[in-house]
Structure formats: C-alpha cells, structure tokens
Amino acid sequence: MTIRIVPTQPIAGQKPGTSGLRKKTPVFMGHHYLENFVQSIFDVVGAAGKTFVLGGDGRYFNDRAAQVILRMAAANGAARVIVGQGAILSTPAASHLIRLNRTDGGIIMSASHNPGGPEEDFGVKFNMPNGGPAPEAVTEAMFKRTTEITEYRVVEAQDVDLARVGRTSLAGMVVDVVDPVADYAALMETLFDFAAIRAMFAGGFRMRMDSMCAVTGPYAVEILENRLGAAKGTCVNAVPLPDFGGMHPDPNPTWAKALMDDMFGPDAPDFGAASDGDGDRNMVVGRGIYVSPSDSLAVLAANAHLAPGYARGLKGVARSMPTSAAADRVAEALGIGSYETPTGWKFFGNLLDAGRATICGEESFGTGSDHVREKDGLWAVLLWLNILAVRKQTVAEILKEHWAKFGRNYYSRHDFEAIATDKADAMMGALRAALPGLKGQVVEGMTIAGADDFAYTDPVDASVSTKQGVRVMFTDGSRFVLRLSGTGTEGATLRMYLERYAPGPDGLDLDPQVALAPVIRAAHGIARIAEFTGRKDPDVVT
Ligand code: VG1
Ligand code: CO
C-alpha cells in the first residue's frame, strides 16, 4: 500500500478552544482542513507504534472523517486503532476505552452541544492516555504545529468496513471495530446498584430520557430499558442522526423544551433527563421541578456514598469557577477538599489523576467522576437514579431537604449569542480595565467586595491559566461572572453567570430570576452590555 506525502500549507484559525477544534462543517470539509489538524495532532503526540481510540457523536461528516483519520493514522505508523462500530463513541465511552485498553490516547469527532449537519458544526479533539482532554500546553503545541505544517501523510486505501464488529487491518495497522456500548455499560454496572434501580422501575417508577437524536440513544436504550427494565419508550429521540433530527443537542430548558413540557405537564413521569451531542452533558428534571446543574453537582456529592462505587466516600469535589458554590458547602460538611478550576473539563484531569477529587462538575450541565476523565451524562443520570432508589423520595423532596440543610445558591446563566467579536472584545476590555476601581462601590444596594480576572494555578503541576473569566463578588456572597465562550463557531457568545446565596430557612422557594434580579441589574450596569453590544435580553437562560 502506498503512503502519500501530501504537500500542504498552514490554514489560519486551527486553534482548539474550550474543548477541541470546532468549526462550521463546510470549513472542516474544506481542502486539507481536517488533514492539517490531524497531522498536527500526530506530529505533537507521535503516532509510530502507538494505539489510539477513535469515535464520534455520529454527526454529519463523522463517517467520512473517521476514514480519513484511519488512513492518516496508518500512514503515520500507528500500530492499532480501536474504533466504535459505525465510527460512533460517546465522549465518556471513548474516555473509558482509552483507559481500559491502556492506549496512547484517542481522537473524538464531535462539536458536542453544537448543532450538526452540512451547514452546522463539526469538531475534533484529542484525549490523552489518561482518557482526558489534552491540557492547554498540548493543544497549544498542536495549534503551533498547524501554523508550520508543510505536509501530511495518508495511505491510499479503500474504506475500512466500520459497520461490523471485529478485527481488520489497514496498510499494516490493526483496526479493531468494537461495540460502542458494551464496555461502557459494564463500567456503569460496577458503579451503581442496578438491582435497586431495577426494583424501582419494576415498582412503577416512570422516566423519560431524551437523547436528542444524538449519541447517547444506543447507550440509554441498552442500560435503562434493556438492563434496568425501564418501560419501552422511556428513551426518546434515541437514534443518533447526522443532523440530530434538526434538534439542538444542548440539554437545557430551552433546547430540551419538549422534555420540560412533559415534566411540568399533568401526567409527568417521576424523573426526566436529557443529554447532549456527544453524551457528556446531562440535564435532570423531577416531576414539576428543574434541577440546576450546580445544585445537581451538590446533591450528587452529598449522596454519592449511597451508590456502591462511591460507598467509601469522596476524596474531594471540584467545580469550574462559574459553577455555584453549592458543592463547596457539601465538601465542607463532608470534611473533604474542594477545588475551583477554569471552565473546561481538561482542568479536572490532574485533580482526578492525583486522587484529590472524586466528583467534578460544571454549571453547563456537566458532571462526572474519576471513573473516566470526561464529564459523563448517563453516569449522572444513573447516580441520580441510584440515589432516588435508595432514598425513596421524589426529586423535589431531595432538593428541598438539601436546601434546608445547606442553604440555597440561587443560580442562573444568561447567554448572549452571535455578538460581533469586536464588540464583545471591547466590552470585556472595558470591564477588565474597570476592575481595580470596583471594590467598595455600592450597586443595587450591594457592596462590591472584590473583582478580578480569574487565574488558576494547577495545584498538581503548577501550570498557570490566566484570563479565565471576570468575576465581581459582593459582600453578601452574591456574585456575577462574565466570560466569552470558547466553543462557538459564529461571532462571540457572552456568558453571564449569576449567583446569590440564601442561607434559609426563609426565602428558599423563589423563582431564581426573581431572586437574582438585583445581581442581574448590577451585571448589566457594571459591564455596560447594552451600550457595547446593543443587547438587553439574553438568547438562552439556564
Ligand atoms: C462550554 C461550557 C463548558 C464546557 C464546554 C464543553 O464552554 O461552558 O463548561 O466544558 O462547553 O462542553 P464555553 O467555552 O462555550 O463556555 V461540551 O459538552 O460542548 O464538550
Ligand atoms: Co458535550
């Protein structure tokens, strides 16, 4: 078989963001675009003699990209690639396969919660041998490589048959096509009390799991319906489609509205959940009650010991900086460590590897643990089910008891999408410049205790990440955070994170938007969002 060495030139803008490189699909399908980036990955991590995992969320171009990546892996001398059948793997399942098979890392094809299709988004990210997203130093090296690249390697060969499980070879490289679900489902059985959850379903417990026509469908059907005995039809939108059936696979109350309507309707099931494009995010909803991701993290941390995999307790809890402090209160009560990291799962890797944290979470519907090195949507759903099965209470009862014990961190995120990049940058620039003068000012009746641009020093390897979000803290414990998204593919998305603490026992039952109203007004006033961007109202509220 011939290896072709194809001359190429650097393509601008191949800089990975919060989670890999994401672009419009036509951009990714453009001449040399995918090839340049993949070659840059192999140039940085080295491919000769190595074993990688490969899979994606099934979005448009997933199947073609997989064939290209396989041919390039072979041309770069890789010994073996483990591929999910049909080139499908959820992000957490890919993370697990990387670890289980002690491979040298993996390539995941996904733009996660971004819509998919010929005119929507595509993405590629590299995960390390620990199963987690490449840290900043590595993604920076890959980006640098894309700016210098002069050639890439690819073998001339027919497509590999990825439809059938089994071993084949490609130009001397072993290709193992594996069932995408089996190993992941087996891992879940080691962590959770499947018998207890099965008994709960047998007792009439009803659930609706909305996979949003994205990757978790086959996983959810196998685990919830086949293994746990949930009624047929519990899993909806369970067939992964290249365009996600036109859905926006971002599990939040706006994009998973059908699920929300169901859960707040007259015949609502006991429990509802949704997951995102690549299966690492989750939204959980009780009958008539929405669980904010920050609260979900705190409740999971407080109750994880009820599941067999966590019966010996947690080593620590980590959350991203914009995530509410609800989990910190649980960590304090448990007497374990708590950590505050920048946005993006890659920052949890060291804490998990070092055994400092067991459970991690982000306000953006991401929760996970040290069972893999990614956030894991179905894992969170199963932990909730395990807790519900043991406590035999409703989601509403569990939340109420949690708030009564710890107080409530009212929380919301407002997103302003597709702002012109220069306007968003100007706004953030002005805000950063204003930070030193904010302390002591009184806004909306609240005194500013401090304001900064979050910087993080990794406690394990001492690497430093700066400019991770502007935060303004008030003396009453309220705060707001502003940062620009690193996953979008169009203009800038401004994220405004809002938090206010109510110790209780009174005032625990407010609508979060009402409870947060002064903080929202203060954020708009201080950041002058309308003045810079022309936007008054957010596009998405979670
Ligand atoms: C967003 C979220 C962040 C998450 C990231 C990847 O990033 O805010 O918490 O880790 O998406 O999630 P940003 O930079 O747009 O705010 V996923 O499920 O899209 O891989
Ligand atoms: Co995702």
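**Exercise 1. In this predicted model, find what lies 2.9 Å from a polar side-chain atom of Asp280, and then describe the surroundings of ligand 1.**

Solution. Begin with Asp280, where a polar side-chain atom is placed 2.9 Å from an oxygen atom of ligand 1. Next, turn to Asp276, which has a side-chain N or O atom 3.0 Å from an oxygen atom of ligand 1. A further step leads to Ser19, where the distance between a side-chain N or O atom and an oxygen atom of ligand 1 is 3.5 Å. Widening the view, ligand 1 is surrounded by 20 residues, and the closest of them are Thr18, Ser112, His113, Ser364 and Thr487. Finally, sorting this shell by class gives 10 polar and 10 charged residues, with no nonpolar residue in it.

**Exercise 2. Identify the protein donors of the cobalt ion (ligand 2), and work out which parts of the chain the pair Ser112 and Asp276 ties together.**

Solution. The first step is to list the protein donors of the cobalt ion (ligand 2), which are the OG atom of Ser112 and OD atoms of Asp276, Asp278 and Asp280, at 1.9 to 2.1 Å from the ion. Written along the chain, the donors have the spacing S-x163-D-x1-D-x1-D. Then place the two residues of the pair: Ser112 belongs to the loop between strand 5 (106-109) and strand 6 (121-127), while Asp276 belongs to the loop between strand 12 (271-275) and strand 13 (282-286), and therefore the pair ties together parts that are 164 residues apart in sequence. As a last step, consider accessibility, for which both Ser112 and Asp276 are buried.

**Exercise 3. Describe the largest pocket by its volume, its lining and the classes of its residues, and then do likewise for the largest cavity.**

Solution. Taking the largest pocket to begin with, its space amounts to about 1,000 Å³. Its lining consists of 34 residues, and those nearest the centre are Gly17, Thr18, Leu484, Ser485 and Gly486. Among the elements that give two or more residues to this lining are strand 2 (21-24), helix 5 (136-146) and strand 25 (479-484), whereas helix 15 gives the most, with 4 residues. Counted by class, the lining of the pocket holds 6 nonpolar, 17 polar and 11 charged residues.

For the cavities, the search of the whole structure finds 3 of 30 Å³ or more, and the largest cavity has about 40 Å³ of space. The residues lining the largest cavity are Phe42, Phe52, Val53, Leu54, Ile69, Ala73, Val81 and Ile107. Strand 3 (51-56) and helix 3 (62-75) each give two or more residues to this lining, and strand 3 has the largest share, with 3 residues. By class, the lining of the cavity has 8 nonpolar residues, and neither polar nor charged ones.

**Exercise 4. Locate Ala87, Phe365 and Pro505, and state what is notable in the backbone there.**

Solution. As background, most residues other than glycine have a negative phi, and most peptide bonds are trans. Ala87, in strand 4 (residues 80-88), is not a glycine and yet has a positive phi of about 65 degrees. Because its relative accessibility is 0%, and buried means under 20%, Ala87 counts as buried. Phe365, which also has a positive phi without being a glycine, at about 70 degrees, sits in the loop between strand 17 (359-362) and strand 18 (366-369). With a relative accessibility of 4%, Phe365 counts as buried by that cut-off. Lastly, Pro505 lies in the loop between strand 26 and helix 16 (512-515), and the peptide bond joining Gly504 and Pro505 is cis, with omega about 5 degrees.

Notes:
Residues numbered from 1 in each chain as written. Chains lettered and ligands numbered in written order. Predicted model: local features only at pLDDT ≥ 70, side-chain atom pairs only at ≥ 80, totals over all residues. Heavy atoms only, no water. 1 Å grid on protein atoms, 1.4 Å probe; cavity = no way out; pocket = protein on both sides within 12 Å on 5 of 7 lines; lining within 4 Å. Points joined across faces, edges and corners; volume = space filled by probe spheres on them. Nonpolar A, V, L, I, M, F, W, Y, C, P; charged D, E, K, R; others polar. Donors = N, O, S within 2.8 Å, 3.2 Å for Na, K, Ca; no water. Buried < 20%, exposed > 50% of the residue type's maximum accessible area, 1.4 Å probe, protein only. Near = heavy atom within 4 Å. Polar contact = N/O pair within 3.5 Å; in protein donor to acceptor, adjacent residues only side chain to side chain.
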